[in-house]
Amino acid sequence: GNDEGIAAAREALTAANAVVSGARAVSAAAQASAVDALAAAQASDTAIQTLKTLAVDMGRRQETVSVLISRKDGRLYVRQALRAVFDVPITIRDADRPIGTHVLVASEPLTSGAALRWSALSMPIEPQPVPRIGRGKLRTSDIETGSIASAIQAETAATALDRVQIPGEVLDRLSELVWAGATLMVSDHGITHETGVGTDFIIQTRH
């Protein structure tokens with residue numbers, strides 16, 4: 001009768017609800033597995049990136065990098081393992097004013113994650129002789145007084161670097177190369193023809 005039909009319908013509804021609940025449980029488990037899988041993939045990507053960073057660091061630590069900024073040439077030169085890597089034009093503020101010669105050497109940071117430490121050595125700017133008209137040798141009195149003053153009050157490495165404007169993309173490339181042991185030179189002079197494969201930068205500091 002009707003009671004039997006109602007009972008059968010209820011049983012069917014109960015069975016259907018059980019199937020739906022089971023399906024939901026399976027779906028939730030699948031979603032959880034997917035989330036776990038995504039987290040594992042992200043962790044793997046992070047590990048791979050860390051290894052790549054370590055590899056880059058190890059590589060650049062093993063090959064010495066030298067950077068020269070030349071006021072004479074208006075260029076920045078990069079050499080690694082005594083070979084030219086790249087060179088680019090740069091802008092130096094007050095380019096007609098001497099900048100001196102400064103050598104900076106990078107050393108390991110004191111703490112992990114800190115910036116490199118730099119030690120600087122600066123050489124005084126050489127006084128320039130005033131051109132003479134006529135015969136005769138150059139005398140001490142012929143040296144321009146202003147040049148002597150500039151030689152005494154030479155640029156420091158910090159003020160010299162402050163005059164150099166390096167494009168952002170070049171700084172990014174340098175950040176991948178420069179590590180402890182790298183040298184950075186800022187100079188009024190340019191590189192000589194003696195600079196080549198198997199040499200570091202060779203500049204002529206006397207006229």
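What follows is a chat between a student and a tutor about this predicted model.

Tutor: Quick ground rules: this is a predicted model, where local features need pLDDT of at least 70, side-chain atom pairs count only at pLDDT 80 or more, and totals for chains, interfaces and linings use all residues. Residues are numbered from 1 along each chain as its sequence is written, and side-chain values use heavy atoms, with hydrogens and water left out.

Student: How do you know how confident the predictor is in the protein chain?

Tutor: Look at pLDDT, the predictor's confidence in each residue, from 0 to 100. The protein chain averages 77, and 74% of the residues score at least 70. Confidence is highest in strand E4 (residues 91–92), at 95, and lowest in helix H2 (residues 145–152), at a mean of 44. Over residues 140–153 the pLDDT is below 50, yet that stretch still has 17 contacts in the model beyond near neighbours in sequence. Contact here means heavy atoms within 4.5 Å.

Student: What makes something count as a helix or a strand, and how many of each does the protein chain have?

Tutor: They are DSSP runs numbered from the N terminus: helices are H or I with at least four residues, strands are E with at least two. By that count the protein chain has four helices and eight strands. From the N terminus on, the order reads α-β-β-β-β-β-β-α-α-β-α-β.

Student: What makes E5 and E6 a pair?

Tutor: Two strands pair if DSSP finds at least two bridges between them. Strand E5 (residues 101–107) is joined to E6 by seven bridges, so the pair qualifies. The two run antiparallel. His102 has Ser122 as its bridge partner in E6, and Ser107 stands opposite Arg117. E5 also has four bridges to E8, again antiparallel, with His102 opposite Val186 there.

Student: Why are E3 and E6 called edge strands?

Tutor: The open sheet has six strands in the order E3-E2-E1-E8-E5-E6, with mixed pairing. Strand E3 (83–89) and strand E6 (117–123) each pair on one side only, and that earns them the name. Neighbouring strands of the sheet are turned by 15° against each other on average, direction ignored. E3 has its pairing with E2, antiparallel over six bridges, where Arg79 stands opposite Ala84.

Student: What sits between the strands in the hairpin of E2 and E3?

Tutor: Two residues, and in that hairpin Ala81 takes a positive phi near 55°. Gly198, from the segment after strand E8 (183–187), lies 7.9 Å from Ala81, C-alpha to C-alpha, although the two are 117 residues apart in sequence. Leaving aside its neighbours within four places in sequence, Gly198 is in contact with Arg79 and Leu82.

Student: How do you know which face of H4 is buried?

Tutor: Buried means under 20% relative accessible area, exposed over 50%, and partly exposed in between (1.4 Å probe, protein chains only). In H4, Val170, Leu174 and Leu177 are buried. Seen down the axis of H4, the buried residues fall within an arc of 55°, so they line one face of the helix. That arc is taken from the directions from the helix axis to the C-beta atoms. On the other side of H4, Glu169 and Asp172 are exposed.

Student: Why is Arg173 called partly exposed?

Tutor: Arg173 has a relative accessible area of 44%, and that falls between 20% and 50%, so "partly exposed" is the right label. Arg173 is found in helix H4.

Student: What does H4 lie across?

Tutor: Helix H4 (residues 168–177) lies across strand E1 (65–70), strand E2 (75–80) and E3, running at about 155° to E3. Such angles run from 0 to 180 degrees between N-to-C directions, with axes as lines fitted to C-alpha atoms, for helices over the stretch in contact.

Student: What makes a set of residues a nonpolar core?

Tutor: The members are buried Ala, Val, Leu, Ile, Met, Phe, Trp, Tyr and Cys residues joined through side-chain atoms within 4.5 Å. The largest core has 22 residues, and Val67, Ile69, Leu76, Val78, Phe86, Ile90 and Leu174 touch the most other members. E1, E2, E3, E5, helix H3 (157–162), H4 and E8 each supply at least two residues of this core. A second, separate core of five residues includes Leu68, Tyr77, Met185 and Ile203.
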